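Please open the structure in your viewer and keep the selection panel at hand, since the tour below moves from one selection to the next.

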Amino acid sequence: MPERYAPAALIALAAALFERGGLAPDRAAVVAETLVEGDLLGHDTHGLALLGPYLDSLASGDMRAAGEPEILSATPVVETWDGGKLPGPWLVRRAADLASERAAAYGLAAVAIRRSHHIACLAAYLPRVVERGQVLLIWSSDPATASVAPWGGTRRIITPNPVAAGWPGAAGPVMIDVSMSITTNGMTARRRAEGTTFPFDALLTAEGQPTADPNAFFTEPGGTLLPLGGMAAGHKGFGLGLLVEALTSGLAGGGRVTEPTGWGAALLILVLDPARFAGAEAFLAESGWMAEVVRGNPPIPGGPAPRLPGARAWARRAEAMARGVELHPSIPPALAARAAAAGLAAPAPL
């Protein structure tokens with residue numbers, strides 16, 4: 001049986017480590033909560049797997065511990081911030097809460113952010129806003145790195161550029177968190193470390209040949225991640241990736257043209273409040289109808305029953321909150337090592 005850990009104990013350890021790393025208690029708590037939320041939802045490459053790299057970024061100064069984002073422009077419904085490499089989860093939580101408050105008054109509101117540090121799992125931000133009856137959308141890119149080539153090309157120019165969206169439903173939220181590439185940098189690195197290959201062609205070699213071997217990404221010159229759609233329809237995924245570039249670096253006014261360095265993100269966070277459109281009741285009627293016809297759709301013979309995006313993650317989250325969260329096997333030893341180095345006790349499995 002896989003070992004399970006109490007989410008509260010994991011949050012407490014992560015927050016204590018971030019405080020030791022220089023974050024104020026409120027910021028440390030937000031970052032810790034966001035990482036554990038990623039594991040609760042099953043996004044374990046973007047949960048506590050990031051704890052060590054984040055602590056290292058704090059120690060090196062690449063993640064700035066103190067200070068406030070600079071407001072570059074502001075209207076009642078739109079703000080643009082320079083995040084100054086402050087902790088990404090803290091910036092996104094703050095921006096989403098601001099946009100949520102403004103959307104309750106105006107129907108919608110958005111915050112664009114440049115020069116954020118890494119923001120962890122995008123889906124981790126959805127429950128907090130969706131449970132208020134609102135719709136949250138997040139677009140993210142990293143202008144300081146590249147891993148995806150243009151359709152038909154062989155050299156990296158953009159990142160996987162994930163998009164997350166969540167909205168309320170009568171029987172629970174609908175949640176989407178998907179990259180505009182077939183896989184991510186984190187999963188490619190994990191498979192390389194584990195010595196495993198993808199069950200499908202997820203990359204191109206540096207010569208432009210499709211491959212399932214993650215080692216192709218780490219050659220010199222490097223291979224690339226295939227856009228969403230793969231060899232059959234990757235032009236669609238790459239087009240969506242360019243849209244994310246426009247909505248993040250373009251709207252925030254700071255991206256690849258400035259040649260940034262270090263680990264970071266450019267973002268757009270948008271909240272819409274159905275109550276200010278046709279009404280919350282009408283919205284839930286539509287989302288409820290769609291949920292019923294999805295779940296009632298005849299399944300493919302021998303396949304799983306149709307489900308809404310995020311349904312499995314939401315059920316996994318509920319189980320983890322009740323019985324403890326399962327961590328990837330690589331995480332507990334890393335947590336124990338960080339805790340020991342800081343003179344703290346690592347949580348014991350339940």
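## A helix and its surroundings

In this predicted model, begin by selecting Ala313, Arg317 and Ala320, which are buried residues of helix α9. Looking down the axis of α9, you will find that its buried residues fall within an arc of 70°, so they line one face of the helix. The general background is that an α-helix has 3.6 residues a turn, so residues three or four places apart point the same way.

Next, extend the selection to the whole of α9, residues 311-323, whose 13 residues reach 18 Å from the first C-alpha to the last, close to the 18 Å expected at 1.5 Å a residue. Rotate to the face turned away from the buried side, where Arg312 and Ala322 are exposed. To see what covers the buried residues of α9, add its partners, which include β1 (4-5), α1 (7-20), α2 (25-40), α5 (126-130) and β12 (325-326). Then step on to Gly324, which follows α9 and has a positive phi, near 105°.

Going back along the chain, select Gly302 in the loop between α8 (280-295) and α9, where this glycine is exposed with a relative accessible area of 90%. If you also select Leu270, the C-alpha to C-alpha distance between Gly302 and Leu270 is 39 Å, for a separation of 32 residues in sequence.

Finally, select Val178, Leu228, Leu240 and Leu243, which together make a nonpolar surface patch of about 280 Å². Within that selection, Leu228 sits in the loop between β10 (224-225) and α7 (230-252), and Leu228 is partly exposed, with a relative accessible area of 30%.

Definitions and conventions: Residues numbered from 1 in each chain as written. Predicted model: local features only at pLDDT ≥ 70, side-chain atom pairs only at ≥ 80, totals over all residues. Heavy atoms only, no water. Helix = DSSP H or I, 4+ residues; strand = E, 2+ residues; numbered from the N terminus. Expected span 1.5 Å × (residues − 1). Buried < 20%, exposed > 50% of the residue type's maximum accessible area, 1.4 Å probe, protein only. Arc of directions from axis to C-beta. Contact = heavy atoms within 4.5 Å. Patch = residues over 30% accessible without salt bridge, like charges linked within 9 Å, V, L, I, M, F, W, Y side chains within 5 Å. Areas by Shrake-Rupley, 256 points an atom, 1.4 Å probe, with all protein chains shown as cover. Salt bridge = Lys/Arg side-chain N within 4 Å of Asp/Glu carboxyl O.
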